Amino acid sequence: MALRIRLSRIGSTHQPHYRIVVAEIRSRRDGDAVETLGTYDPRTKGPQVKIRLDRVDYWIGKGAKPSDTLHSIIKRARRDETSAPAAKEPAAAPAPAPAPAS
């Protein structure tokens, strides 16, 4: 059983929306999936991908291969994940003003 991590379309006409799934290579594009790993909405502004990278790593470890499109999406998600914690760190509190000398 060869597995592939790929996109499965769920959007309507002219409004694409995709699920990121693990499926057998021989199954249909929108056929049964082994597991759903996330979603991809190319029409939104801002974050387009919601993906569970820990499960992606698990399936890649089991031999699943991502499609070319998904390979670039995963790479972008990993880059965004590493830069996001640095942006969310709270700003340092300003130092208290020294007491006036008497």
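Let's start with one residue: S67 counts as buried, because its relative accessibility is 18% and buried means under 20%. Keep in mind that this is a predicted model.

**Around S67**

Where along the chain does S67 sit? S67 is found in the loop that runs between β5 (65-66) and α2. Which residues does S67 touch, once its neighbours within four places in sequence are left aside? They are R4, I5 and R6. A little further along, L70 can be looked at in the same manner: leaving aside its neighbours within four places in sequence, L70 is in contact with I5, R6, L7 and I20. I5 and R6 therefore appear in the contacts of S67 and again in those of L70, with contact meaning heavy atoms within 4.5 Å.

**The chain as a whole**

Now let's step back. The chain has two helices and five strands, and read along the sequence they follow the pattern β-β-β-β-α-β-α. Here are some values for the whole chain:

| Item | Value |
|---|---|
| Residues counted as buried, of the 102 in the chain | 26% |
| Share of contacts with a separation of 6 or more that join residues 24 or more positions apart | 31% |
| Exposed area of the chain | about 7600 Å² |
| Part of the exposed area supplied by carbon and sulfur atoms | 52% |

**The nonpolar core**

How many residues make up the largest nonpolar core? There are 17, and those with the most contacts inside this core are I5, I20, L37, I51, W59 and L70. The elements giving two or more residues to the core are β1 (3-9), β2 (18-24), β3 (35-40), α1 (53-61) and α2. Which element gives the largest share? That is α2, with four residues. You have already met L70, whose contacts include I5 and I20.

**The largest pocket**

Finally, have a look at the largest pocket, which holds about 230 Å³ of space. Its lining is made up of G46, P47, Q48, V49, I51, L53, I73, R76, A77, D80 and E81. Two elements, β4 (49-51) and α2 (68-88), give two or more residues to this lining. The most comes from α2, with five residues. By type, the lining residues divide into six nonpolar, two polar and three charged.

One residue links the last two topics: I51 is among those with the most contacts inside the core, and I51 also lines the largest pocket. Likewise, α2 gives the largest share of the core and the most to the pocket lining.

Terms used: Residues are numbered from 1 along each chain as its sequence is written. This is a predicted model: local features need pLDDT of at least 70, side-chain atom pairs count only at pLDDT 80 or more; totals for chains, interfaces and linings use all residues. Side-chain values use heavy atoms; hydrogens and water are left out. On a 1 Å grid over the protein atoms alone, a cavity is a set of points where a 1.4 Å probe fits but cannot get out, and a pocket is an open set with protein on both sides within 12 Å along at least five of seven lines; lining residues have an atom within 4 Å of a point. Grid points are joined across faces, edges and corners, and a volume is the space filled by probe spheres set on the points. Ala, Val, Leu, Ile, Met, Phe, Trp, Tyr, Cys and Pro count as nonpolar, Asp, Glu, Lys and Arg as charged, and the others, Gly among them, as polar. Buried means under 20% relative accessible area, exposed over 50%, partly exposed in between (1.4 Å probe, protein chains only). Accessible areas come from the Shrake-Rupley method with a 1.4 Å probe; for residues, only the protein chains shown count as cover. A nonpolar core is a set of buried Ala, Val, Leu, Ile, Met, Phe, Trp, Tyr and Cys residues joined through side-chain atoms within 4.5 Å.
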